[in-house]
Amino acid sequence: MEIEFKSIQLSNGETMAYRLRRGTGTATGRTLLLVHGNMTSSVHWDLFMESFDPSHTLIAVDLRGFGASTYHVPVRSIADFSDDLRLFADGLNLASFTLMGWSMGGGVAMQFAASHPQYVETLILLASMSTRGYPCYAEERDEQSGQVQARRLRTRAEIAEMDKTKLVQRAYDHRDKAFLRNLWNRQVYVIQEPDEARYETYLNDMLTQKNLLDVYDAMNRFNMSAKDHEAWGGSGDAARLSMPTLVVWGNQDKVVTRQMTEEMVEDLGEHVVYRELDHTGHSPVVDNLALLCQVVAEFMERRRQA
């Protein structure tokens, strides 16, 4: 099916690019809005958009500072992304939809659903960061015991000094796709890689990111739970999510841990349906596409009939 590449000017002055696959069905509630993760953009949804039930309309956005979207004003929180998403939905006259977020995009989707629940019929969280953020740690040696302990960082300045931040930003600055490929092979594509043409497209897309440090800082401080963590107090917004929610996690994920996923399921409560995918890493779209499409379609259909 044809995927159109489009953009829209938001009322806050940013331009948001997006990909659109028009559905063949006429039933209501058939729009699925897709939100990507860090180091990616809407292009990383391509396999899903090509394969998912053609009766659905699929819209995949480029968040501010990613892909072909602008980055005039730096983001300071995940809520900045979700506020952009509301302006985007209003600009396209999207009154209601299923919202699906991958990795960092899961945090954006959760924040959007908590702040603007009237838009979200169902919520799907794919290999999502926790309701308690995606922590950045520094290893420190205890002077008394001599043991190395992990300390969650608290400030943007500390995160700027992390090796991870410096190495990835250096790869961006020098267009070092070999480094990025090696990083993704070790952390994301641990089960299988995309075909060479797609992989090259994905690597080129990674180099468009304009906001790496800002995103690391926002993910570290994110906290929708009722519990404070070292970097930020809990907002309690997770308790406001009452729509049917599907949490999907691959048991070979090297980026989002089981603990993060369990935190999210605990914080979101009894309306969550949890689905664990065997032999699947951080990119179920690449590792287990057919099963992912089946799980998502079945969840959406059950909720539509309920």
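Where does Ala-68 lie? Keep that in mind as you open this predicted model; the tour comes to Ala-68 right after a look at the whole chain.

**The whole chain**

Start with everything shown as a cartoon. You should find eleven helices and ten strands in the protein chain. Turn the C-alpha trace along its principal axes, and it spans about 65 × 45 × 40 Å. The radius of gyration is 19 Å, which agrees with the value near 19 Å for a compact globule of 306 residues. If you colour by accessibility, 54% of the 306 residues come up as buried. Contacts also reach far along the sequence: among those between residues at least 6 apart, 69% join residues at least 24 apart.

**First stop: Ala-68**

Now select Ala-68. You are in the loop between β4 (57-61) and α2 (78-91). The relative accessible area of Ala-68 is 45%, so this residue is partly exposed. Show what surrounds the side chain: beyond residues up to four places away in sequence, Ala-68 touches Phe-5, Ala-17 and Asp-62. For a sense of scale, draw a C-alpha to C-alpha distance from Ala-68 to Leu-33; the two are 35 residues apart in sequence and 17 Å apart in space.

**Into the nonpolar core**

Next, hide the surface and select Trp-45, Phe-48, Phe-88, Leu-99, Met-100, Met-104 and Leu-123. These are the residues with the most contacts inside the largest nonpolar core, which has 98 residues. In soluble globular proteins, nonpolar side chains tend to be buried together.

Centre on Phe-48 and show its contacts. With neighbours within four places in sequence left aside, its partners are Leu-32, Leu-34, Leu-58, Met-100, Val-285, Leu-289, Leu-292, Cys-293 and Val-296. Met-100 is worth a second look, since it appears both among the Phe-48 contacts and among the residues with the most contacts in the core.

**Two backbone curiosities**

Stay with the backbone for a moment. Most residues other than glycine have a negative phi, and most peptide bonds are trans. Select Ser-103, which has a positive phi of about 60° although it is not a glycine. Ser-103 sits in the loop between β5 (97-102) and α3 (104-115). Is Ser-103 buried or exposed? Its relative accessibility is 13%, so Ser-103 counts as buried, the cut-off for buried being under 20%.

Then jump to His-279, another non-glycine with a positive phi, here about 50°. Look for His-279 in the loop between β10 (272-277) and α10 (284-287). His-279 is exposed, with a relative accessible area of 55%.

**The largest pocket**

Bring the surface back and select Tyr-134, Lys-164, Gln-187, Tyr-216 and Val-255. Among the 27 residues that line the largest pocket, these five lie nearest its centre. Two or more lining residues come from each of α5 (163-173), α6 (177-187) and α8 (212-221), and α6 gives the largest share, five residues. The space in this pocket is about 580 Å³. Colour the lining by class to see 19 nonpolar, five polar and three charged residues.

**The second largest pocket**

Select Pro-135, Tyr-137, Arg-152, Gln-259 and Glu-263 next. They lie nearest the centre of the second largest pocket, which is lined by 15 residues and holds about 240 Å³ of space. The lining here has three nonpolar, seven polar and five charged residues. Helix α9 (residues 258-268) supplies the largest share, three residues.

While α9 is on screen, pick out Thr-261, found in that helix. At a relative accessible area of 2%, Thr-261 is buried. Apart from neighbours within four places in sequence, Thr-261 is in contact with Val-247, Trp-249, Val-256 and Tyr-274.

**Last stop: an enclosed cavity**

How many cavities of 30 Å³ or more are there? The count comes to one, and the volume of the largest cavity is about 60 Å³. To frame it, select His-44, Trp-102, Tyr-189, Tyr-202, His-282, Ser-283, Pro-284, Val-285 and Val-286, which line it. The largest share of this lining, three residues, comes from α10. By class, the cavity lining divides into six nonpolar, three polar and no charged residues. You have already met one of them: Val-285 lines the cavity and is in contact with Phe-48.

Note on methods. Residues are numbered from 1 along each chain as its sequence is written. This is a predicted model: local features need pLDDT of at least 70, side-chain atom pairs count only at pLDDT 80 or more; totals for chains, interfaces and linings use all residues. Side-chain values use heavy atoms; hydrogens and water are left out. A nonpolar core is a set of buried Ala, Val, Leu, Ile, Met, Phe, Trp, Tyr and Cys residues joined through side-chain atoms within 4.5 Å. Buried means under 20% relative accessible area, exposed over 50%, partly exposed in between (1.4 Å probe, protein chains only). Contact means heavy atoms within 4.5 Å. Helices (H or I, at least four residues) and strands (E, at least two) are DSSP runs, numbered from the N terminus. On a 1 Å grid over the protein atoms alone, a cavity is a set of points where a 1.4 Å probe fits but cannot get out, and a pocket is an open set with protein on both sides within 12 Å along at least five of seven lines; lining residues have an atom within 4 Å of a point. Grid points are joined across faces, edges and corners, and a volume is the space filled by probe spheres set on the points. Ala, Val, Leu, Ile, Met, Phe, Trp, Tyr, Cys and Pro count as nonpolar, Asp, Glu, Lys and Arg as charged, and the others, Gly among them, as polar. The radius of gyration is taken over C-alpha atoms; the globule rule is 2.2 Å times the number of residues to the power 0.38.
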